[in-house]
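Please open the model in a viewer and keep the selection panel at hand. The stops below are arranged as a tour.

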Amino acid sequence: MSRVAIVTDSNSGITQKEGAELGIRVLPMPFYINDELFFEDITLSQEDFYKRLAEDADISTSQPSPGDVIDLWNDILKSYDEIVYIPMSSGLSSACENAMMLAEDFDGKVYVVDNQRISVTMRQSVLDAIGLAQKGMSGQEIHDILMREKLEASIYITVDTLKYLKKGGRVTPAAAAIGAVLNLKPVLQIQGEKLDAYAKVRGWKSAKKAMLDAMEKDLKQRFAGKEMHLEIAYTCSREDAEQWKKEVQERFPGYEIHMDPLSLSVSCHIGYGAMALACCHRVPELQ
């Protein structure tokens, strides 16, 4: 039986400390802040990131250098026979496609999973991969199961400000100005690939209801009869996130809800104060 290592990047929300506890490696995502290079959870904390964001620093996301990826994989393969690498969705970054090209030079020892996930749903994919590896499955088997499950997930996000969507060109300056005056809260969705618009509502109360209603519809229709994980992600204060979790728990009693800060690659484009609700399928092989 081959020894399979599970590797991800910090877009999963898994910290370096948590990765060590889980027995996996987490590749830190690079960011440029005013042209200075930082690495998530290494030289850039959540607190520092939002402080610089509030200061209107010039922040841009990047992707791991090929050299860093190759060095990490070579180091891991000194102790393991195969690697299952779970990066962020190819719909949100080219890092996944680049990793697939790099894997071609590793003689079938590295399996790159493009299962179209980010943040808490991506985290669950990593946990699923760990569980499957512990069951003795090969890198190929784990890859195939995660790819089978890739569209069995859903995320809804509401942002507190249109400022960063305007900055990234996702909304026009005029629309952002009108939205601010009318207190419009856009509800965004990730249904497998890209971040898309779902609804526009007025105020947080309506935004939360829109996300809860959308999730209930998914659970009753799209994922009817399936066992699902339920998760929350946020860029707001921990206190506000706990209140959101309480509201979600009241709407969906019986679910164990996992909650994490939203990964910085997404936070960079939506800013502080956002809340998200997500679900993903429980892998049958682990039920």
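**Stop 1: helix 2 and its end**

Begin by selecting Asp-56, which adopts a positive phi of about 60 degrees just after helix 2. Helices, here and below, are DSSP runs of H or I with at least four residues, and strands are runs of E with at least two, both numbered from the N terminus. This is a predicted model, in which local features need pLDDT of at least 70 and side-chain atom pairs count only at pLDDT 80 or more, while totals for chains, interfaces and linings use all residues. Residues are numbered from 1 along each chain as its sequence is written, and side-chain values use heavy atoms, with hydrogens and water left out.

Now extend the selection to helix 2, residues 46–54, where Phe-49, Tyr-50 and Leu-53 are the buried residues. They lie on the same side of helix 2, because they cover an arc of only 90 degrees around the axis; the arc is that of the directions from the helix axis to the C-beta atoms. Buried means under 20% relative accessible area, exposed means over 50%, and partly exposed is in between, with a 1.4 Å probe and protein chains only. Rotate the view to the face turned away from the buried side of helix 2: the exposed residues Glu-47 and Ala-54 are carried there. As background, an α-helix has 3.6 residues a turn, so residues three or four places apart point the same way.

**Stop 2: the loop between strands 3 and 4**

Select Asn-34, in the loop that joins strand 3 (30–33) to strand 4 (36–39). Its phi is near 50 degrees, a positive value in a residue other than glycine. Is Asn-34 buried, exposed or partly exposed? Asn-34 has a relative accessible area of 42% and is therefore partly exposed.

Add Asp-35, which lies in the loop between strand 3 and strand 4. Phi of Asp-35 is near 70 degrees, again positive in a residue other than glycine. Asp-35 counts as exposed because its relative accessibility is 69%.

**Stop 3: helices 3 and 4**

Two packed helices are described by the angle between their axes and the distance between the axes. Select residues 66–76 (helix 3) and 95–103 (helix 4): their axes come within 11 Å and cross at roughly 55 degrees. Axes are lines fitted to C-alpha atoms, for helices over the stretch in contact, and angles run from 0 to 180 degrees between N-to-C directions. Helix 3 and helix 4 are therefore oblique to each other; angles under 35 degrees count as roughly parallel, over 145 as roughly antiparallel, 65 to 115 as roughly perpendicular and the rest as oblique.

The crossing of helix 3 and helix 4 is right-handed, that is, the near helix is turned clockwise from the far one by less than a right angle. Display the side chains of Pro-66, Val-69, Ile-70 and Trp-73 in helix 3, which meet Ala-99, Leu-102 and Ala-103 in helix 4; contact means heavy atoms within 4.5 Å. The residues of this contact comprise 7 nonpolar, no polar and no charged. Ala, Val, Leu, Ile, Met, Phe, Trp, Tyr, Cys and Pro count as nonpolar, Asp, Glu, Lys and Arg as charged, and the others, Gly among them, as polar.

**Stop 4: helices 9 and 10**

Move to helix 9 (residues 203–222) and helix 10, whose axes come within 11 Å and cross at roughly 40 degrees. Helix 9 is therefore oblique to helix 10, and their crossing is right-handed. Which residues make the contact? On helix 9 they are Lys-208, Met-211, Leu-212, Asp-213 and Glu-216, and on helix 10 they are Trp-244, Glu-247, Val-248 and Arg-251. By class, this contact has 4 nonpolar, no polar and 5 charged residues.

**Stop 5: Ile-232 and Glu-256**

Select Ile-232 in strand 11, residues 228–234. Ile-232 is buried, because its relative accessible area is 0%. Leaving aside residues up to four places away in sequence, Ile-232 touches several residues, including Trp-244, Val-248, Ile-257 and Leu-277.

Finish at Glu-256, in the loop between helix 10 (238–251) and strand 12 (257–261). With 70% relative accessibility, Glu-256 counts as exposed. The C-alpha atoms of Glu-256 and Val-283 are separated by 16 Å, with their positions 27 residues apart along the chain.
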